[in-house]
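Q: I'd like a close look at one part of this model. Please pick the open sheet and walk me through how it is put together and what packs on it.

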Amino acid sequence: DNGYKLWLEYHKVSNRQLAGVYRQQLQYMVFPASSNPLKAAKAEFLMGLDGMLSVKPTEVTNIVSGQTIVVGTPKSLNALPISFPDSIGNEGYLIKTIFINKKQCTLITANTDVGVLYGVFNFLKLIQTNQTISKLSVADHPRLMYRVLDHWDNLNRTVERGYAGSSIWNWHKLPDIVDQRYIDYARANASVGINGAVVNNVNADALVLSPQYLLKVQALANVFRTYGIRIYLSIKFSSPVELGGLKTADPLEPEVKKWWAGKADEIYNYIPDFGGFLVKANSEGQPGPQSYGRTHADGANMLADALAPHHGIVMWRAFVYDNKVPDDRFKQAYNEFKPFDGKFKDNVIVQVKNGPIDFQPREPFHPLFGAMPNTPLMMEFQLTQEYLGFSTHLVYEAPLFAECLQADSYRYGKGSTVSRVIKGDFNKKLITGMAGVANIGADLNWCGHPFAQANWYAFGRMAWNPDQSPAEIAADWLGMTFTNDESFVSPVKKIMLQSRENTVNYMTPLGLHHIMGVSTHYGPGPWVDNAGRPDWNATYYHRADSAGIGFDRTAAGSNALSQYAPEVKADWGNMKSCPDEYLLWFHHLSWGYKMRSGRTLWDELVWRYYTGAESVKQMGLTWNKLQGKIDPERFAEVKQLMQLQFKEAVTWRDACVLYFQSFSRMPIAAGSPKPEHLLDYYKKLKFYYVPGIGGNNYMTN
Ligand code: BDP
């Protein structure tokens, strides 16, 4: 098994008795399908049942018997005497055991065709995870409107921060060749409710808006539409100059506004349901409104005006930093965006990374969440493992997502979690959304590491409902992807749930951050102090010296904590109440500082590094015992990956412990294996040609 089928394996139901019960309940079906989404839903339904049960329900147009499955919208099923609920919205669905003409049937219904598709995927999931289907009453709907994958894919098919091969979009062959992969991609997305895809890198090439490329984009949009997915493009703010030959891209210039309005009209000619633009402006060298003395609001609103007649949106990124905040990069996005609260047009959503720096293994939630009551904020998570060991390390990210989503911003009193903020609980007028930077490439198994697929899956589930539990999602994913055998699911679920904490421990324990190798972000680089800019250096973030370690962000330091609500500021600002997990994010502490555990800070740091690496070893031992429970290909692949991960975790541990020891001058606790090499060895390690920035050269190695 090469993993290509993702969680849509539809493997045989191995419990024969259960399979018999399912077959019994699936003898007939009423499934009229005239639209593309309904046809896709029906094809999926039949494929799933065939795979799992080798059964094909007899198609009927009326209820002739019980054991009939009835699938459709009020419109497509209008011939049947069914009372439909109307509370499930446009994308919600209902799966319910009902009686029609006194015969017991299973109804899968929704108000829209795409809702039916979601219902079908969820019905199949019940069988995939061996649930009973005899007394069903499942009603569900998405809590967020825009559930979008952001591909950082360049037009030359390199993928910025992509670790799963080249881009799946074959721009060269598009629009003539429509690869089956595009369809399978769309199926996978629809199965978890993802309804948008930004197909090109945020560091955008203006070329993507040329007629030649719009035709290619149109071909993808035509595939996606069937599966309820809208296509979006990242745009380069200076496109009017580069593509349109104008002298300026100043958003307040009438000719610039006209150019964008014309471009929007042109795009909608090709793609009537085009989603809109994603914009990275005035960040990491990208052009933006500030290049012309204008503001983020000026830039975003100008584009919003161009898209509004067509119902498109602008996703304007808050990931901005340059040298403007000399004391702390942490503070820049808040400083730049907070003053514009309420100043953005209704179809603008500000896309904010989960944390204030950049997708670190652990970050506190971004202070903008809750701080802009009149502005829609879209969560941006990173699925691709830029700072989490690329596609070599098993890191299940749902716990990272949940930690951020369930964090309390206190902005509207106790219980105003980030999840509630992004769901628009405190301002019902706002549009809502979540974006995930995709971890998908042309590798056979899509994501590089078989377990990285779980992050794509979990992202979709949590974009649909940000409050879902990582444990439940992991269990579903394992059952659908590998097997429902509890003797496999139970230990592997534990591995998954523990995996992110392991990685935090062997990379950046106790609130350390951004100490990876410069630019590529691969491997340890806590010693990096000569990058192009101060805030690209690891030393800027950890501030280790002979007295101690950590970034003081209290009032005595950069005071970044003042960007949070008073409750959060008080909690994290006091080293006694600040959780260990965030300690060095906010405090510079002496090496001898007494931790909650009773250990000194130095001993605790070392202990975490060792525990992290040790847990990877344990994970590997657990995995090895599971041989025979899943297919040999994926078993062997994961086994090797875990061995490599352990090797790399040890490198991380030894490099960091030795480096920090050069400041603390304290010993590694007795009993721990000594690092194999001297610090200098780790400093000199070179990782040639590791995947990195791809075709963009705004940063150099
Ligand atoms: C950082 C990446 C860089 C991206 C940037 C972004 O290192 O490659 O372009 O984020 O989000 O994480 O724009």
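The answer below starts with the strands and then moves on to the helices.

A: First, a word on the model. It is a predicted one, where local features need pLDDT of at least 70, side-chain atom pairs count only at pLDDT 80 or more, and totals for chains, interfaces and linings use all residues. Numbering starts from 1 along each chain, as its sequence is written.

Now the sheet. It is open, has 6 strands and mixed pairing, and reads β2-β1-β3-β5-β4-β6 across (strands are DSSP E runs of at least two residues, helices H or I runs of at least four, both numbered from the N terminus). To count as paired, two strands need at least two DSSP bridges. The edges belong to β2 (58-59) and β6 (137-140); each has a single partner strand, so one side of each goes without a neighbour in the sheet.

Go inward and you'll find β3 (residues 68-72) running parallel to β5 (residues 103-109), with 5 bridges joining them. For a spot to zoom in on, try Ile69, whose bridge partner in β5 is Thr106.

Next, the helix on top of this. α3 lies across β3, β4 (93-100), β5 and β6, and its direction makes about 80 degrees with β4 (axes are fitted to C-alpha atoms, and angles run from 0 to 180 degrees between N-to-C directions).

α3 (residues 113-128) has a helical partner too: its axis and that of α2 (residues 36-53) come within 8 Å and cross at roughly 10 degrees. That makes α2 roughly parallel to α3 (angles under 35 degrees count as such).

Who does the touching? On the α2 side, the contact is made by Pro37, Leu38, Ala40, Ala41, Glu44, Phe45, Gly48 and Met52 (C-beta atoms, placed from the backbone, within 7 Å). From α3 come Asp113, Val114, Val116, Leu117, Val120, Phe121, Leu124, Ile127 and Gln128. By class, that contact has 13 nonpolar, 2 polar and 2 charged residues (Asp, Glu, Lys and Arg are charged; Gly counts as polar).

To set the open sheet in context, the model also has a closed barrel of 8 strands, β7-β8-β9-β10-β11-β12-β13-β14, with parallel pairing. Its twist averages 25 degrees from one strand to the next. Within the barrel, β9 (residues 230-235) and β10 (residues 276-279) pair in the parallel sense over 4 bridges, and Leu233 stands opposite Phe277 in β10.

Note on methods
Parallel < 35°, antiparallel > 145°, perpendicular 65-115°, else oblique. Contact = placed C-beta atoms within 7 Å.
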